[in-house]
Amino acid sequence: MSAAPTTATSPRTTPQLASRRRLPFGRWLREKGWRHAVGVVVSIFAVFPLLYVLSAAFNPSGTLAGSASLFSDLSLDNFAKLFGNEQRPFGRWFVNTLFIGLVTSAASVLLGAMAAYAFSRMRFAGRRVGLLSLLLLQMFPQLLAVVAIFLLLNGIGEVIPALGLGSQLGLIMVYLGGALGVNTYLMYGFFNTVPVSLDEAAKIDGASHAQIFFGIILRLVTPILAVVGLLTFIGISSEFVIASVVLTDPNTQTLAVGLYSFVANQRTEDWGVFASGAVLAALPVMALFLFLQRYIVSGLVAGSVKG
């Protein structure tokens, strides 16, 4: 005669079932619920301005007062006006912003990485003074040097017109000079996290500093390169003061300077067209962020040491 089967209860079953039980609302609110509430409030605070600008971009009234009710009237008239104005070439502004932003970002990342590698791996006279100088330069915004930049470019333009006022190349040089200090100091701290043993092993194999830098180090510090490039591009895309001083021709201006002309005159301001241009101006930044996101969140440095 067979015995009735018995079900044995594992000692792990009871704690697992107990952990899956719902907590009382008061305890859940004290432990986890307040975090969700804060997250919802912060999300609403961050998303509402974006929705308001997007609603104004599709509102044909051209005023912000008409956009009080979100998405009450949808139309593409503002985008048609944006691209149909010959005196304000939005397409050319868009291309100029991409050119200046990408060239400055790439050059800033390369120069900053080379300087950070020199400060991190080499020992030379004036190294400590150079690092302190970079730290002090970050305390003074580039806005304080607008008058000096104007006079400097005005004098350089008499000798080298390609670098003078109204030149995009001159503006790129100004941006590089302002961003080199902070980018170098930011990369310097990240370069110090890369083990020096990798450099020593490469030197034993006969590699030079250039081979180590371009062949090994740059691949290991890709996250910080992506961050610096992204921040530089965002800063240049939204920079207005220096670009408005250097670029005087509408055909060479950037989006920040060109879009301001739509709302500069109080009698002829058109906030709907301005909002539509702002929406389109945000697309390159979003695309670049999505493209660099996998480099930012990856652990290349941690994985390289294991190999």
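**View 1. Helix H2, its buried residues and its bend.** In H2, the buried residues are Gly33, Ser55, Ala56 and Ala57. Keep in mind as you look around that this is a predicted model. What do the buried residues of H2 pack against? They pack against H3 and H13. While you're looking at H2, find Lys32: the helix bends there by about 60 degrees.

**View 2. The whole chain, for orientation.** Let's step back for a moment. The protein chain has 14 helices and 0 strands, so if you walk along from the N terminus you read α-α-α-α-α-α-α-α-α-α-α-α-α-α. Of the 307 residues in the chain, 33% are buried. Now think about contacts in the chain with a separation of 6 or more: 69% of them involve residues 24 or more positions apart.

**View 3. Helix H13, from end to end.** How far apart are the end C-alpha atoms of H13? H13 covers residues 271-296, and its end C-alpha atoms are 35 Å apart; that agrees with the 38 Å that its 26 residues should span at 1.5 Å a residue. Look for the kink as well, about 30 degrees and centred on Leu290. Plenty of names to spot here: the buried residues of H13 include Gly272, Val273, Ala275, Ser276 and Gly277, and further along the list come Leu280, Pro284, Val285, Leu288 and Leu292. The buried residues of H13 pack against H2, H3, H4, H10 and H12.

**View 4. Where H4 meets H10.** Two packed helices are described by the angle between their axes and the distance between the axes. Here H4 (residues 90-121) and H10 (residues 222-238) pack at about 140 degrees, with their axes 9 Å apart. The crossing of H4 past H10 is right-handed. On the H4 side, the contact is made by Thr97, Leu98, Ile100, Gly101, Leu102, Thr104, Ser105, Ser108, Val109 and Ala113. From H10 come Leu225, Val228, Gly229, Thr232, Phe233, Ile236 and Ser237. What kinds of residues are these? The contact of H4 with H10 has 9 nonpolar, 8 polar and no charged residues.

**View 5. Thr254, in a loop.** Zoom in on the loop between H11 (241-246) and H12, and you'll find Thr254. Is Thr254 buried or exposed? Its relative accessibility is 5%, so Thr254 counts as buried, the cut-off for buried being under 20%. Leaving out residues up to four places away in sequence, Thr254 touches Trp93, Thr97, Ile100, Ala243 and Leu247. You've met Thr97 and Ile100 before: both take part in the contact of H4 with H10.

**View 6. Ala256, in helix H12.** Ala256 sits in H12. How far is Ala256 from Trp93 in space, C-alpha to C-alpha? The answer is 8.7 Å, although the two are 163 residues apart in sequence. If you skip residues up to four places away in sequence, Ala256 touches Ser237, Ser238, Glu239 and Phe240. Ser237 is another familiar name, since it belongs to the H10 side of the contact with H4.

**View 7. Pro141, in another loop.** Pro141 lies in the loop between H5 (127-137) and H6 (146-159). Why is Pro141 called partly exposed? Its relative accessible area is 47%, and partly exposed covers values between the 20% limit for buried and the 50% limit for exposed. Now find Gly178, which is 37 residues from Pro141 along the chain. The C-alpha atoms of Pro141 and Gly178 are separated by 8.4 Å.

Technical notes:
Residues numbered from 1 in each chain as written. Predicted model: local features only at pLDDT ≥ 70, side-chain atom pairs only at ≥ 80, totals over all residues. Heavy atoms only, no water. Axes fitted to C-alpha atoms, helices over the stretch in contact; angles between N-to-C directions. Helix = DSSP H or I, 4+ residues; strand = E, 2+ residues; numbered from the N terminus. Left-handed = near helix turned anticlockwise from the far one by under 90°. Contact = heavy atoms within 4.5 Å. Nonpolar A, V, L, I, M, F, W, Y, C, P; charged D, E, K, R; others polar. Expected span 1.5 Å × (residues − 1). Bend = angle between axes of the 7 residues up to and from the residue. Buried < 20%, exposed > 50% of the residue type's maximum accessible area, 1.4 Å probe, protein only.
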